[in-house]
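Biologist: Could you take me through this structure? I would like to begin with one loop and work outwards from there.

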Amino acid sequence: MFPLLLAVLSVTAAAATSSRPHPLDPLSPVEITAVRAAVLASPLVPARPLTFHYVGLDEPDKPNVLAYAYGGGTGTTRRRARRWASNLLPRRALVIARAGGQSHELRVDVANASSPSVLSHAVHRGAGFPILTLEEQFAAVALPPAYPPFADSVRRRGVDMGDVLCAVFPVGWFGADAGAGGGAPKRVAKMLCFVAGATANFYARPIEGVTMVVDLDRMAIVGYRDRVAYPVPKADGTDYRAGKTGPPLAGPQPAPGVVVQSEGRGFHIDGNIVRWAGWEFHVGFDMRAGTVISLASIHDADAGTRRRVLYRGFVSEVFVPYMDPVEEWYYRTFLDAGEYGLGLWAFPLQPGADCPANAAYLDGYYAGQDGKPVGGENRICVFERYAGDVAWRHTEAGFPEKLITEVRPDVTLVVRMVVSPGNYDYILDWEFKTSGSIKFVVSLTGLLEVKGTSYTHADEVTADAHGTLVSENTLAIYHDHYVTYHLDLDIDGINNSFVKNVITARRNTGNPVTGGADTPRRSYWTVRREVAETEADGQVDVDAGPADLLFVNPGKKTRLGNEVGYRLIPSGATAASVLADDDFPQRRASYTKKQVWVTPYSKPEKWAPGLYADQSTGDDGLEAWSRRNRGIRDEDIVLWYTLGLHHIPYQEDFPVMPTLSGGFELRPSNFFERNPILRMRSASTHGPSANCSCDAR
């Protein structure tokens, strides 16, 4: 019996059989309602109004979750132990709320949703503010039409106010004295406005040169500037909706297709637990991170046991800095997760379009600004992908008068969310493979953020325009996308090490032991193994030189004596930031200078730019934590991987951008004794001749 269960004698038999959620399940609507009631009833935060900016699961301590998930025993004994453990694990929520001009952190016990209680309360005293709520953004963008200076600016440009739409943009951080009026930083945002009119693509029609500042706590416009007027780009050719882009189905079209699974889906979903082809993992939802994958393990058929790979993983941040330094653009350096919330901007997936017909769907609920639960249907989809790829194959022509061909089709399981924080859409895929690999794919699409200009032809551009002319009076500004993942790897257990197998060139000077100096070969390469001792050793620029990056369990070895592990394989999109180290946006997202960081596990260290990202200063976050240079050898370690893209827009990206993808893979490396899918069965839909040994006649 595992340690967590030593206290079971104090638990009644009735409690042991009660129905409780998985320890990592996201908060349910009932629990969110209970959290709201507890916070509003607490005397610890008497100020009103009180607004909820983040409500999420405060997951139990990792050792206790591991005991619940992987504790000793089998069959009935283990199931009974898990029921006992479930009743002992706390069920808590982390709340970040605003009241009285302060950010409050509360932890709320919702183990019994009928009688929730506030366990702790603290006031955030450092830099930064919590996520912007959807409701306050909607309230802010309703202000400009009634603001006389803005009405004058719109009138001078010949624009109908009824066609105007506005959006809220975080102000970033540009030093202690950057805030208007000095003193303590105020919770403000910029507002920019656009013209819709005859198009749904209002981002393509900015009212360039006009900037408003709104105080979000007071909900009032506190700053206004109309600096310069450029023509508002025309609406023609900007709409992306079916029927608005020209004749339907113009040009050559691919034939329609459909996924058919004659035996039904190959995966099973039990609550939030997904099981497929040996994989088992938990799917969660968070209003900041979006999809959260936990407790991913795979069944090793040869060993006859289930083996751990990943404890918990999610997108920690999405950093998008634009490259125009003028007044209306310099601050556009978005931290989409920490400023907007990825889960807040995950909208219902469209069956048959966002996800194929064989997909299943999971919901994701979050707390609105008033603390009440907001429904989130179809936020995550799960489906098997049949893409015509090959899992493994070989054709052997070495036998006289015989041709042997063996092919196995590659089928993968995809967990997908689509996030649309403003103009861009991010398709975020977790792809589980029968080989034991996990692929992470980020696909960008949606609308470019453009600048109004007087240019109508590229020949007119004689200076740095900071972007590409994609239409008349329309510049698409250069920018970056950095998607940072937090991946708490537990390769066969929590004690892991980070290893760099560096490819090193050598001259062939002979081997004095074997006497191999007489061959004409002049060079070769070999591997120099470097085990990272501290966090400084765990920071890697993957483009600096050839190396395999491995996460190994030094306490577990294969039958042949190799350390079991997984290796990190970047697959494109490896850009790192080229901004100056002292530039303010770079200080806030300093972790984007390297694609790889490795830190020891610490429960509070989840968000790469820190817990409070809006107007953050870089003093709390991944780079700041890593300055402690803690030990990471044979420890419980976390991989932070940043997928990066420098985006130079082109005309094909306008008015809507075709999907552009990048990613990386975690691939078994001496984790199994041999190819784990050697005995993979052939897919019946491909027919025996395509997958089995064939003799040429």
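Modeller: Let us begin with P49, which lies in the loop between α2 (29-41) and β1 (51-58). Please keep in mind that this is a predicted model.

Biologist: Which kind of peptide bond joins R48 and P49, cis or trans?

Modeller: The bond between R48 and P49 is cis, with an omega of about 5°. Most peptide bonds are trans.

Biologist: And what about the bond from F654 to P655?

Modeller: That peptide bond, from F654 to P655, is cis as well, and its omega is near 5°. P655 is found in the loop between β31 (637-647) and β32 (657-668).

Biologist: Staying with the backbone, what is the phi of M219?

Modeller: M219 is not a glycine, yet its phi is positive, at about 50°. Most residues other than glycine have a negative phi. M219 sits in the loop between β7 and β8, and it is partly exposed, with a relative accessible area of 24%.

Biologist: What is the phi of D634?

Modeller: D634, also a residue other than glycine, has a positive phi near 55°. D634 belongs to the loop between α9 (622-626) and β31. With a relative accessible area of 38%, D634 is partly exposed.

Biologist: You mentioned β7 and β8. In what order do the strands of their sheet run?

Modeller: The sheet is open and has four strands, in the order β5-β6-β7-β8, with antiparallel pairing. The edges are β5 (164-170) and β8 (220-226); each has a single partner strand, so one side of each has no neighbour in the sheet. From one strand to the next, the twist averages 30°.

Biologist: How many bridges join β7 to β8?

Modeller: Six bridges join β7 (residues 210-215) to β8, and these two strands run antiparallel. As one position in that pairing, V214 stands opposite I221 in β8.

Biologist: Which strands does helix α5 lie across?

Modeller: Helix α5 (residues 134-141) lies across β5, β6 (188-195) and β7, and it runs at about 130° to β5. Helix α6 (residues 148-156) lies across β5, β6, β7 and β8, running at about 35° to β8.

Biologist: Let us change topic to aromatic rings. How many aromatic pairs does the structure hold?

Modeller: The structure holds 29 aromatic pairs. In one of them, F169 and F334 have ring centres 5.7 Å apart and planes at 50°, so this pair is tilted. The pair links distant parts of the chain: F169 is in strand β5 and F334 in strand β14 (residues 333-335), 165 residues apart.

Biologist: Is F169 buried or exposed?

Modeller: F169 counts as buried, at 4% relative accessibility. Its partner F334 counts as buried too, at 7% relative accessibility.

Biologist: Which aromatic cluster contains F169 and F334?

Modeller: Both rings belong to one aromatic cluster, formed by F169, Y322, W329, F334, Y340, W345 and F347.

Biologist: Before we leave F169 and F334, how far apart in the chain are they again?

Modeller: They are 165 residues apart. Another aromatic pair consists of Y485 and F664, which is edge-to-face, with 5.3 Å centre to centre and 75° between the planes. This pair also links distant parts of the chain, Y485 in strand β25 (residues 479-489) and F664 in strand β32, 179 residues apart. Both Y485 and F664 are buried.

Biologist: Now the whole protein, please. How many helices and strands does its secondary structure come to?

Modeller: The protein has ten helices and 32 strands. Its radius of gyration is 28 Å, close to the 26 Å that the globule rule gives for 697 residues, so the protein is as compact as a globular protein of that length. Taken along the principal axes, the C-alpha atoms fill a box of roughly 85 × 70 × 60 Å.

Biologist: What share of the residues counts as buried?

Modeller: Of the 697 residues, 52% count as buried. The protein exposes about 31000 Å², and carbon and sulfur atoms supply 52% of that area.

Biologist: And what share of the contacts comes from residues 24 or more positions apart?

Modeller: Among contacts in the protein with a separation of 6 or more, residues 24 or more positions apart account for 69%.

How values were computed:
Residues numbered from 1 in each chain as written. Predicted model: local features only at pLDDT ≥ 70, side-chain atom pairs only at ≥ 80, totals over all residues. Heavy atoms only, no water. Pairing = 2+ DSSP bridges. Axes fitted to C-alpha atoms, helices over the stretch in contact; angles between N-to-C directions. Contact = heavy atoms within 4.5 Å. Buried < 20%, exposed > 50% of the residue type's maximum accessible area, 1.4 Å probe, protein only. Rg over C-alpha atoms; globule rule 2.2 N^0.38 Å. Areas by Shrake-Rupley, 256 points an atom, 1.4 Å probe, with all protein chains shown as cover. Phe/Tyr/Trp six-rings, centres within 6.5 Å; stacked < 30°, edge-to-face > 60°.
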